[in-house]
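Biologist: Please take me through one part of this protein slowly. I would like a close look at the strands that pair with one another, and then a short tour of what else stands out.

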Amino acid sequence: MSASPEAATTSLSPAAARRGSWQPVGLGQARISSGFWAPRQTRNGDQAIPFGQQQLESAGNLHNLRLAAGIGEGEAIGPVFADSDVYKWLEAVAWEYGRNPSEDLLKRQRELTAIVAAAQREDGYLDSVVQLRYGEEGRYQQLVWSHEHYCAGHLIQAAVAQVRCTGDRELLEVAIKLADHLAASFGEGDGKTVDVDGHPVIEMALVELYRETGTSAYLDLARWFVEARGHGIIANHGHEPTYFSDRVPVRAAATVEGHAVRAVYLAAGATDVALETGDAELLDALKRQFAHMWSTKTYVTGGLGARWEGEAFGDEHELPPDRAYAETCAAIGGIQWAWRMLLATGEAQYADAIERMLYNGFLAGVSLAGSEYFYVNPLQLRGSAHADNNRSPAHGRRGWFECACCPPNIMRTLASLDGYLASTSTDSVQLHQYAAGVVTAELPGRGSIGLTVETEYPWQGSVRVTVEQTVDGPWALELRIPQWAEGATVGGVPVAAGEYARIEREWPVGAVVELELPMKPRVVTAHPRVDAVRGCVALERGPLVYAVEQVDQQANVDDLHLLTDAEVAVSHDPSLLDGVTVLRTRGRTDTEVEVVAVPYYAWANREIGAMRVWLPRG
């Protein structure tokens, strides 16, 4: 049956003001089963994760941990933060096991966890490269650059994922011992060090460990690390503080600045602290910062970071497409921050931001095959581009990098993607991202609600939700209506874009809700202060941003203009780029030509050539 909004037992309205934060659904309670994301997750599990372990072996990351554990001989290899890539990989293995259990994954996890545990020192300290290169006296002596807390943060995140997904506690015990060591060593108080790591992530990790263990010292330390920034600690070490998000206190900052990944990781951790402590002032500051970032410092793809120098955010509206850094890790950090803001506020804008970053800024970072990566994600590549360093997209995607933060970060994100689909409150279930699959949600004290979602999103705008399990009495289903989806309907009734449509009723098993999102192509312009693309347009359809690649064109992309008022035709090609919806319109160089656009995430999967997201119009 179809849920009729006009029925006496049903109300259809924008979701009311939040009654507190939403809760993510439990582990395994949201599951992507088919459609757009399912094959990407399969390739991640079957190919990328095993290949990642081989790369960690050949790059020396595992060698370092073995040496620190007393296994073998030699010297530390690679960057000082090498351990962090192992921990992100272990987190990916944990989430993948939770999604698709296998003895092979469990064996890989346990073997590496045993090495990590053996490398830990008796007092809880653990950082293999520092231990090997600098010894005990070198601990925390160069914290601005040593990434010791950063590595600890990724270890803690992996440990929490591991115990939740597999039940194994060995890595959690390592994490607890390390966190206890940090709590005894840093902060205010006798014998403690007043210092912060140059690369945030420990803040998120400590809050998550607090949630897992209930140990308040971890939350207290996370709060201290957040509050300590912006008070001259890094400047006192002789470093310029902007790069490290240390120029202005977090609760006083009006925007994000400096190294993009550092900035959004810090903001995500601060949001966690605000959520757990009920700090409304801190949350309001983070709302302001996110709004300013999104309106003035974010690419149309959701990419973050305009400058290669310092991998940094630029000034307001400094968003050059050809020099965009837009690191894949920054998109992942942006998703993590937006997810926390969404749970804290219940505002659809954050789910919209996740969608834009996920389908564009993040997904462009991994090949269709699933095991080659972009570190940097520009919005333009000239036909004459020369690859002058190993991060340049002119090389094409690569299997690994000397600084390999992005590949295992992509792995853990794809393996845990199901968790971003839905959430619950006391009386409702929210669907944030649309993917074919199932959602099971617990309403406190009332029981389980089961939903099946059928959709071919993002190629089609129809989303069909069927109630498979219900509870007594009324409850609400809240469906996100993207900001771009003007003209959307639920059950044939128009609903407002940029909000959640709330349908509250008593739900029988078998009840169906049908959401229709309009998928007409959109021709968009940038803010007039973005000098680099003034007079240009980009093509979008649904959640996807499109790009024009040389391989599809009759004319040189570097010379191409889109004709004003040209119609944009839509067709789906199941044989192209894993199956994509293609946009066709008209353009010109010296003569009029057809212009073919494919989703931005799919560019550079056939050949490396000229590419543009923004094209001059006229």
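Modeller: What follows starts with the paired strands and then moves on to backbone angles and cavities. Keep in mind that this is a predicted model.

Start with strand S7, residues 437-443. S7 pairs with S8 in the antiparallel sense, over seven bridges. Look for Val439 as a landmark. The bridge partner of Val439 in S8 is Leu451.

Now look at the turn. S7 and S8 form a hairpin with three residues between the strands. In this hairpin Gly445 has a positive phi near 75°.

Next, follow S8, residues 447-455. S8 also pairs with S9, residues 462-469, again in the antiparallel sense, here over six bridges. Go back to Leu451. In S9, the bridge partner of Leu451 is Val467. Leu451 is thus a landmark for both pairings: Val439 is its partner in one, and Val467 in the other.

S8 and S9 form a hairpin too, with six residues between them. Pro458 sits in that loop. The peptide bond from Tyr457 to Pro458 is cis, with omega near 10°. That deserves a second look, because most peptide bonds are trans.

Which other backbone angles deserve a look? Most residues other than glycine have a negative phi. His317 has a positive phi of about 65°, although it is not a glycine. Ala326 is not a glycine either, and its phi is positive at about 45°. Where are they? His317 lies in the loop between helix H13 (280-296) and helix H14 (328-345). Ala326 is found in the loop between H13 and H14 as well.

Are these residues buried or exposed? The cut-off for buried is under 20% relative accessible area. His317 has 7%, so it is buried. Ala326 has 2%, so it counts as buried too.

Last, the cavities. The structure holds six cavities of 30 Å³ or more. The largest has a volume of about 80 Å³. Its lining includes Arg40, Arg43, Asn44, Leu363 and Tyr601. Helix H1, residues 38-59, gives the most to this lining, with three residues. By type, the lining residues are five nonpolar, three polar and two charged.

To retrace the main path, go from S7 to S8 through the hairpin with Gly445. Then go from S8 to S9 through the loop with Pro458.

Conventions:
Residues numbered from 1 in each chain as written. Predicted model: local features only at pLDDT ≥ 70, side-chain atom pairs only at ≥ 80, totals over all residues. Heavy atoms only, no water. 1 Å grid on protein atoms, 1.4 Å probe; cavity = no way out; pocket = protein on both sides within 12 Å on 5 of 7 lines; lining within 4 Å. Points joined across faces, edges and corners; volume = space filled by probe spheres on them. Helix = DSSP H or I, 4+ residues; strand = E, 2+ residues; numbered from the N terminus. Nonpolar A, V, L, I, M, F, W, Y, C, P; charged D, E, K, R; others polar. Buried < 20%, exposed > 50% of the residue type's maximum accessible area, 1.4 Å probe, protein only. Pairing = 2+ DSSP bridges.
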